[in-house]
Amino acid sequence: MIIFFNVRYTECFCLMMIDTDDIMNIGLKLVGWKRIPADSAIHVKGRKINRVLIAVDVTSAELILAKNLGCDAVIAHHPLGSAAINFYKVIDRHIEFMVEHGVPPDKAEDRVKNLKNRIEIKNHAHIYNDVVDAARIIGMPLVNIHQPCDEYMRKRILDKINAGNHDLVLDVVESIEDIPEFRNAETRIKVAHGSPKNKCGRWVLVIAAGTNGGFPIAKAYFEHEISTVIYLHIDYNDLRKIYEENLKGNLIVLGHLAGDSIGLNALADRLEDKGIETIRLGIIPPK
């Protein structure tokens with residue numbers, strides 16, 4: 001085992017090679033999915049892959065680093081290229097979560113429609129294809145796997161909460177902190193609204209729907225008998241709106257990097273099980 005920065009690299013004595021289709025399928029199999037979601041894509045195809053660099057965010061710098069380290073492919077988490085432009089399409093999963101937790105379908109659809117529109121209109125400001133073009137120019141196969149890794153993370157957190165006590169908000173926090181990536185993170189899980197000493201009541205984990213729902217979706221949950229909303233992160237302006245409206249409820253913010261690291265570590269582990277060397281760049285270690 002070799003430690004490289006915040007990276008894990010496993011030596012492999014048998015030469016095992018895969019292609020970019022295999023990488024995507026391994027990501028999908030983490031959660032038993034068969035179709036590639038809109039926020040994930042194979043951007044530059046490749047074959048005979050034996051060593052990969054995996055990172056949450058990939059720029060041209062990470063591509064060059066991977067080239068210098070002798071990698072055969074790069075796996076990004078966050079969407080790039082066409083997946084970044086199509087990212088808004090996965091936001092509809094918020095509707096599924098909201099309806100499941102008692103928000104009327106018409107209200108859920110209205111809140112999500114506004115969120116989708118805001119994200120889609122931002123596409124016109126994005127310089128979305130430079131990293132993909134750079135990968136093509138230097139001949140570096142490039143894949144990004146977003147929602148499948150997030151769904152794996154969501155299920156892992158759900159299992160922890162359900163296996164523990166959740167009488168108080170603090171109980172939920174402590175259950176999630178037992179996951180190594182959260183325990184090892186520099187950021188701590190924060191009760192951003194409400195109090196750790198409050199009763200948890202009915203709760204919802206809002207993850208793997210593209211991004212957090214911000215103020216409007218948190219408000220919809222609070223208005224429909226959900227006492228505790230759990231996000232990975234929230235924009236400060238959205239949090240201020242929750243304060244200003246003095247909404248009754250608790251908002252737990254887990255930490256973006258810690259959460260994303262759960263899915264990416266699982267993906268890297270599956271690749272290593274197949275004999276593929278992985279370099280985990282900037283990912284919080286699972287031990």
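Which residues are linked in a network of salt bridges? In this predicted model, the network joins Lys107, Arg111, Lys219, Glu223 and Glu245. Across the structure, the count of salt bridges comes to 17, and three further pairs are described here in terms of their place in the secondary structure and their exposure.

The pair formed by Arg51 and Glu277 brings together two strands. The side chains of these two residues meet in a salt bridge, with a nitrogen-to-oxygen distance of 2.8 Å. Arg51 belongs to strand β4, which covers residues 51–55, whereas Glu277 belongs to strand β11, which covers residues 277–281, so the contact ties together parts of the structure that lie 226 residues apart in sequence. Arg51 and Glu277 are both buried.

Two other salt bridges are found within single helices. In helix α7, which spans residues 147–163, Glu151 and Arg154 are placed 3 residues apart, or about one turn of the helix. The side chains of Glu151 and Arg154 meet in a salt bridge with a distance of 2.9 Å from N to O, and both residues are buried. In helix α11, which spans residues 236–244, Arg240 and Glu244 are 4 residues apart and are therefore separated by about one helical turn. For this pair, the closest N and O atoms of the salt bridge are 3.4 Å apart. As to exposure, Arg240 has a relative accessible area of 39% and is therefore partly exposed, while Glu244, with a relative accessible area of 56%, is classed as exposed. Burial is thus described for both members of the pair in helix α7, whereas in helix α11 Arg240 is partly exposed and Glu244 is exposed.

The cysteines were examined for disulfides as well. A disulfide is a covalent bond that connects the sulfur atoms of two cysteines. The count of such bonds in the model comes to 0. Cys149, for instance, takes part in no disulfide, and the nearest cysteine sulfur, which belongs to Cys71, is 17 Å away. Because a disulfide requires the two sulfur atoms to be within 2.5 Å, the distance of 17 Å between the sulfur atoms of Cys149 and Cys71 does not qualify. With a relative accessibility of 1%, Cys149 counts as buried, and Cys200, at 0% relative accessibility, likewise counts as buried.

Terms used. Residues are numbered from 1 along each chain as its sequence is written. This is a predicted model: local features need pLDDT of at least 70, side-chain atom pairs count only at pLDDT 80 or more; totals for chains, interfaces and linings use all residues. Side-chain values use heavy atoms; hydrogens and water are left out. A salt bridge is a side-chain nitrogen of Lys or Arg within 4 Å of a carboxyl oxygen of Asp or Glu. Buried means under 20% relative accessible area, exposed over 50%, partly exposed in between (1.4 Å probe, protein chains only).
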